[in-house]
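Colleague: I should like to go through this model with you, starting with the strands. Shall we open it?

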Amino acid sequence: MKQKHLLKLLICNSNRAFQSPIPFNLNWMMGWGKLKIFNTFLQSNKLNIFDIGARGGTIKELENLKTHINYFAFEPEKIEYNRILNNKPKGYNEYNVFLTAISDKNETATFNILRAKGISSLLLPDERCANMCWGQRADIVKQFEIETTTLDSFIEKNNLKFPDYLKID
């Protein structure tokens, strides 16, 4: 319990200006061998990282922290899901991949695969924005139905702790 209070004290009362959210700044500092107290704290307080829209795999900016991370990847496209599942990186405390789409509702929805697969979504591309920013890369090349779930429902169903860090794209 003392360590948790110490972590909060260091984060909230530091004279250092954190320019990015934790855990990104911890990763940078630990990579340079700084703040060993965080390493001690994280040994018994693993970070739950939820990666919603996990295309491309793990979050590279967190590599130095991976032994302290319970990684949960959510990817709705089956081909990418299998690629992520079959290319499991070494060193994570836990590594989990789920073939599901997180949404604001538990329902069946249409998932849109775009020519630029990294911008695929449950949402249809906004025509004006797509034309200005993406051009033909925002064209829908495939659609499929998928069961969606809310984050709260998924956490409750799988008896998970709420994420410490949530990456959504």
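Colleague: Which residue in β6 does I102 stand opposite?

Modeller: I102 stands opposite T149 of β6. Please bear in mind that this is a predicted model.

Colleague: How many bridges join β4 to β6, and do they run parallel or antiparallel?

Modeller: β4 and strand β6, residues 140-149, are joined by 2 bridges and run parallel.

Colleague: In what order do the strands of that open sheet come?

Modeller: The order is β4-β6-β5, an open sheet of 3 strands with mixed pairing. β4 and β5 are its edge strands, each pairing on one side only.

Colleague: And what is the order in the sheet of 4 strands?

Modeller: That open sheet runs β3-β2-β1-β7, and its pairing is parallel. β3 and β7 (165-168) each have a single partner strand, so one side of each is left without a neighbour in the sheet. From one strand to the next, the twist averages 15 degrees.

Colleague: How many bridges join β1 to β7?

Modeller: There are 4 bridges between β1 and β7, which run parallel. I52 has I168 in β7 as its bridge partner.

Colleague: Let us turn to the interior. Which residues have the most contacts inside the largest nonpolar core?

Modeller: They are I49, L62, L65, I69, Y71, Y95 and V97, in a core of 17 residues. At least two residues of this core come from each of α3 (36-44), β1 (47-52), β2 (69-74), α4 (78-86) and β3 (94-98). β2 supplies the largest share, 3 residues.

Colleague: Which residues does the second core include?

Modeller: The second core is separate and has 8 residues, including F74, I102, L151 and I155. I102 is also the residue that stands opposite T149 in β6.

Colleague: Now the pockets. What is the volume of the largest one?

Modeller: The largest pocket has a volume of about 560 Å³. It is lined by 28 residues, and F111, S120, S121, L122 and D169 are the closest to its centre.

Colleague: Which elements give two or more residues to the lining?

Modeller: Those elements are β4 (101-102) and β5 (107-114). β5 gives the most, with 5 residues.

Colleague: How many nonpolar, polar and charged residues does the lining have?

Modeller: By class, 13 residues of the lining are nonpolar, 7 are polar and 8 are charged.

Colleague: Where do β4 and β5 stand in their own sheet?

Modeller: Both are edge strands there, with β6 placed between them in the order β4-β6-β5.

Notes
Residues are numbered from 1 along each chain as its sequence is written. This is a predicted model: local features need pLDDT of at least 70, side-chain atom pairs count only at pLDDT 80 or more; totals for chains, interfaces and linings use all residues. Side-chain values use heavy atoms; hydrogens and water are left out. On a 1 Å grid over the protein atoms alone, a cavity is a set of points where a 1.4 Å probe fits but cannot get out, and a pocket is an open set with protein on both sides within 12 Å along at least five of seven lines; lining residues have an atom within 4 Å of a point. Grid points are joined across faces, edges and corners, and a volume is the space filled by probe spheres set on the points. Ala, Val, Leu, Ile, Met, Phe, Trp, Tyr, Cys and Pro count as nonpolar, Asp, Glu, Lys and Arg as charged, and the others, Gly among them, as polar. A nonpolar core is a set of buried Ala, Val, Leu, Ile, Met, Phe, Trp, Tyr and Cys residues joined through side-chain atoms within 4.5 Å. Buried means under 20% relative accessible area, exposed over 50%, partly exposed in between (1.4 Å probe, protein chains only). Two strands pair if DSSP finds at least two bridges between them. Axes are lines fitted to C-alpha atoms, for helices over the stretch in contact, and angles run from 0 to 180 degrees between N-to-C directions.
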